[in-house]
Amino acid sequence: MTKTYSLRLDEKTRSDAQKIFNDLGMDFSTGIKIYLKQVIKTNSIPFKISNDTPSSLERSLEELHNGQFKSFNSVDELFTDLDDEEDN
C-alpha cells in the first residue's frame, strides 16, 4: 500500500532536482524513492555530511579512493589529454 506525503521545498531546489531526475529518465517521485531506499539500505545518509571544508589533498585522496582519476602511459598522452580539455 502506498501513501501520499507532502514535502516542502523551495522552487529552485525542486526544479534543479527535477532536471537531474529527468536527465536520468525518472520523475521526481522516483528520485526521492531511490534516495530513501538508499537511506534504508545503508542505514545512514548516503553521502558525507560535514561542516569541515576538505583540503585539496583530502579531496584528491577521496577522488583517488573513488576511482575518479586518469592515468597515462606517457607524458605525451598526458599533454594530449590536457590539450583536448583546453579545446572544450
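Is Lys 70 buried or exposed? At 52% relative accessibility, Lys 70 counts as exposed (the cut-offs are under 20% relative accessible area for buried, over 50% for exposed and partly exposed in between, using a 1.4 Å probe and protein chains only). This is a predicted model, so local features need pLDDT of at least 70 and side-chain atom pairs count only at pLDDT 80 or more, while totals for chains, interfaces and linings use all residues. Residues are numbered from 1 along each chain as its sequence is written, and side-chain values use heavy atoms, with hydrogens and water left out.

Lys 70 brings in the salt bridges (a side-chain nitrogen of Lys or Arg within 4 Å of a carboxyl oxygen of Asp or Glu). A search of the whole structure turns up 4 of them. In one, Lys 70 pairs with Glu 85, with the closest N and O atoms 3.0 Å apart. That pair ties together distant parts of the chain: Lys 70 sits in the loop between H3 and H4, Glu 85 belongs to helix H4 (residues 75–87), and 15 residues separate them. Helices here are DSSP runs (H or I, at least four residues), numbered from the N terminus. Glu 85 is partly exposed, its relative accessible area being 44%. Asp 81 joins in as well, linked with Lys 70 and Glu 85 in a network of salt bridges.

Helix H1 (residues 11–23) has salt bridges of its own. Lys 12 and Asp 16 meet at 2.8 Å, N to O, and being 4 residues apart in H1 they are separated by about one helical turn. Lys 12 is exposed at 56% relative accessibility, whereas Asp 16 is partly exposed at 36%. Further along, Lys 19 and Asp 23 form a salt bridge at 3.1 Å, N to O, again 4 residues and about one helical turn apart in H1. Both Lys 19 and Asp 23 are exposed. The spacing makes sense, because an α-helix has 3.6 residues a turn, so residues three or four places apart point the same way.

What about the buried part of H1? Gln 18 lies in this helix and is buried, with a relative accessible area of 19%. Contacts (heavy atoms within 4.5 Å) link Gln 18 to Met 26, Asp 27 and Phe 28, leaving aside neighbours within four places in sequence. Phe 28 also pairs with Phe 21, edge-to-face, at 5.8 Å centre to centre and 65° between the planes. Rings of Phe, Tyr and Trp (its six-membered ring) pair if their centres lie within 6.5 Å, with planes under 30 degrees apart counted as stacked, over 60 as edge-to-face and the rest as tilted. Phe 21 and Phe 28 are both buried. On top of that, the charged end of Arg 14 sits over the ring of Phe 28, 4.1 Å from its centre (the test is NZ of Lys or CZ of Arg within 6 Å of the ring centre and within 35 degrees of the ring normal).

As for helix geometry, the 15 residues of H2 (residues 28–42) should span 21 Å at 1.5 Å a residue, and the end C-alpha atoms are indeed 21 Å apart; the expected span is 1.5 Å times one less than the number of residues. Asn 43, which follows H2, has a positive phi near 55°. Pro 46, in the loop between H2 and helix H3 (56–65), is partly exposed at 33% relative accessibility and touches Tyr 35, Gln 38 and Val 39, not counting residues up to four places away in sequence.

Notes: Helix = DSSP H or I, 4+ residues; strand = E, 2+ residues; numbered from the N terminus.
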